[in-house]
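Welcome, and please take a moment to look at the model below. A few questions and answers will follow it.

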Amino acid sequence: MNSPSDPAAPPNPTEGQGITRLLRSFGAGAADDVLTLDGLLSGLRHSAFGMFLFVSILPGFIPIPGVGGAVGGPLVVLIGLQLLVGLSRPWLPGFIGRRGPRRQTMVRFCDRITPWLARLEHLIRPRLQVLADNRVARAFTGLLLVVLGILLGLPIPMTNYLFAGVLLLYALALMERDGALLLGLWIVTIAGLVAMGLLSEQLAELAAHWWQRLRPA
């Protein structure tokens, strides 16, 4: 059995297994094994960025404002920047590649999402692959991931699950090279960012209005 300090590589997944089957493969091994990012991404080709993003957003589901985002946010930004500059495979600094979730953490998270993921899996499939493989399209996806990673990293109450949930769908779309899902996520992300901008402006105007009323003459 591997000790916690001795990172264990999971079984090498191959593309085309299906997302649910791939997630189940993480359960094979000792619960305390560390699934390093280097090991998780080994053997993956087009799906590597999706897997990297999948693992990176796990801390975002920790129900403590600011904690999960402080870990996952910078990783999401790193992924977005790499897509933005056109890298074909993720680049991981050594100190990041040697780290990762413990197997029991990964299995626990996968157990939580597998029931609804199994119902969605037949809808997430390779479609409009030009949007998943085209360099310009990947750069645009990277730009949106940079913005979402920054937002995930901010200690904004009640937003961890929201941003992490959207990023989880991005991860699944990248893993399955589903351009149709990516297109839908682009629209939802842009609409959400516009709505947040308008809401922030309205809140700023309201705060200024009340400050003017409360300020002594």
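The conversation below turns to a helix pair and to salt bridges in this predicted model.

Reader: How are helix 8 and helix 9 oriented to each other, roughly parallel or roughly antiparallel?
Author: Good place to start! Helix 8 covers residues 135-153 and helix 9 covers residues 160-176, and their axes come within 10 Å and cross at roughly 155°. Angles over 145 degrees count as roughly antiparallel. The two helices are therefore roughly antiparallel.

Reader: Which hand does the crossing of helix 8 and helix 9 have, left or right?
Author: The axes of this pair cross at roughly 155°. As helix 8 passes helix 9, the crossing is left-handed.

Reader: What kinds of residues make the contact of helix 8 with helix 9, and how many are nonpolar?
Author: Helix 8 contributes T141, L144, L145, L148, L151 and L152, while helix 9 brings N160, F163, A164, V166, L167 and Y170. None of the contact residues is charged and two are polar. The number of nonpolar ones is ten.

Reader: Where does the chain place D33 and R103, and how many residues apart are they?
Author: These two side chains meet in a salt bridge, at 3.3 Å from N to O. D33 sits in the loop between helix 1 and helix 2, whereas R103 belongs to helix 6. The pair links distant parts of the chain, and the separation is 70 residues.

Reader: Is D33 buried or exposed?
Author: Residues under 20% relative accessible area count as buried. D33 has a relative accessibility of 5%, so D33 is buried. Its partner R103, at 3%, is also buried.

Reader: Which residue forms a salt bridge with R127?
Author: R127 lies in the loop between helix 6 and helix 7, and its partner is 51 residues apart from it, in the loop between helix 9 and helix 10. R127 is partly exposed at 27% relative accessibility, whereas the partner is buried at 0%. The closest N and O atoms are 2.7 Å apart, and the partner is D178.

Reader: Which residue meets R177 in a salt bridge?
Author: R177 is in the loop between helix 9 and helix 10, and its partner is in helix 7, so the pair ties together parts 44 residues apart in sequence. That partner is partly exposed, with a relative accessible area of 34%. The N to O distance is 2.5 Å, and the residue is D133.

Reader: How many salt bridges does the whole structure hold?
Author: We have met D33 with R103, R127 with D178, and R177 with D133. A search of the whole structure finds three.

Terms used. Residues are numbered from 1 along each chain as its sequence is written. This is a predicted model: local features need pLDDT of at least 70, side-chain atom pairs count only at pLDDT 80 or more; totals for chains, interfaces and linings use all residues. Side-chain values use heavy atoms; hydrogens and water are left out. Axes are lines fitted to C-alpha atoms, for helices over the stretch in contact, and angles run from 0 to 180 degrees between N-to-C directions. Helices (H or I, at least four residues) and strands (E, at least two) are DSSP runs, numbered from the N terminus. Angles under 35 degrees count as roughly parallel, over 145 as roughly antiparallel, 65 to 115 as roughly perpendicular and the rest as oblique. A crossing is left-handed if the near helix is turned anticlockwise from the far one by less than a right angle, and right-handed if clockwise. Contact means heavy atoms within 4.5 Å. Ala, Val, Leu, Ile, Met, Phe, Trp, Tyr, Cys and Pro count as nonpolar, Asp, Glu, Lys and Arg as charged, and the others, Gly among them, as polar. A salt bridge is a side-chain nitrogen of Lys or Arg within 4 Å of a carboxyl oxygen of Asp or Glu. Buried means under 20% relative accessible area, exposed over 50%, partly exposed in between (1.4 Å probe, protein chains only).
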